Amino acid sequence: MKVIIFGATGTIGRLVVEEALADGHQVTAFARTPQKLNVQHSALNLQAGDATNATEVADAVEGHDAVIITLGAGMSRKSRIRSVGTANVIAAMKQHDIKRLICQSTLGAHESWENLNFFWKRIMFGALLAPVFKDHEWQEAMVRDSGLDWTIVRPSAFTDDKATGRFKTGFGPGERKLTLKISRADVAAFIKDQILGTDFCRRAVAISN
């Protein structure tokens, strides 16, 4: 399939690029400076652009079969790149009649708030990362209302451990036996699997060790 990844140079995005290429997909890596990927592959196209620019997003999306959003704000805690960029992606997908959307969010958004412990509820998302968390919730609301064939992936906190393939998926807000951690490699592999997977279509799926 022809897949475009927004936020392709982020810590998750670059791993999703590699996973998708390894699976035989044709991949477009969309980012402000996609050359940062340092990946050479005959099936990889680098597309420089700004996700907050609706015209650039619409031009980039055309001709693809599936869209993956792994947008992040780097060190900025006040950026609305996730919600603004996602709104542009959704509009572009509708314009070009593309249905499959996979969006990386975060564990804790909406009903999964109950999966979090005191530290994440009160200190991280309740104070330090409150604007980031709110942007995730806005992003998710847009995806849910898009009418597309969407999957929202809600990972817990990232680690740099190697992929294990062993983690919990699709658990409800009542699940308490969680480390609230998962490796970036496992998250990327799971996101890649959703390109062709249908088990979580039009669902928000939580993943964590």
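**Notebook: strand β6 and the α1/α6 packing**

I began with the bridge partners in strand β6, and noted that tryptophan 150 of β6 is the bridge partner of leucine 101. I keep in mind throughout that this is a predicted model.

I then looked up the pairing to which such bridges belong: strand β5, residues 100-104, runs parallel to β6 and pairs with β6 over five bridges. Turning to strand β10, residues 203-208, I found that β6 pairs with β10 as well, again in the parallel sense and over five bridges. In that pairing I noted valine 153, which stands opposite valine 205 in β10.

Is β6 mostly covered or mostly exposed? I checked residues 149-155, which make up the strand, and found six of the seven buried, so I entered β6 as mostly covered, taking buried to mean under 20% relative accessible area.

Next I went to the helices. Helix α1, residues 13-22, packs against helix α6, residues 184-193, at an angle of about 50°, and their axes lie 8 Å apart. Because of that angle I recorded α1 as oblique to α6, and I added that the crossing of the two helices is right-handed.

Which residues make the contact? From α1 I listed Leu15, Val16, Glu19 and Ala20, and from α6 I listed Arg184, Ala185, Ala188, Ala189, Ile191 and Lys192. Sorting the residues of this contact by character, I counted seven nonpolar and three charged, with no polar residue among them.

Notes: Residues numbered from 1 in each chain as written. Predicted model: local features only at pLDDT ≥ 70, side-chain atom pairs only at ≥ 80, totals over all residues. Heavy atoms only, no water. Axes fitted to C-alpha atoms, helices over the stretch in contact; angles between N-to-C directions. Helix = DSSP H or I, 4+ residues; strand = E, 2+ residues; numbered from the N terminus. Parallel < 35°, antiparallel > 145°, perpendicular 65-115°, else oblique. Left-handed = near helix turned anticlockwise from the far one by under 90°. Contact = heavy atoms within 4.5 Å. Nonpolar A, V, L, I, M, F, W, Y, C, P; charged D, E, K, R; others polar. Buried < 20%, exposed > 50% of the residue type's maximum accessible area, 1.4 Å probe, protein only. Pairing = 2+ DSSP bridges.
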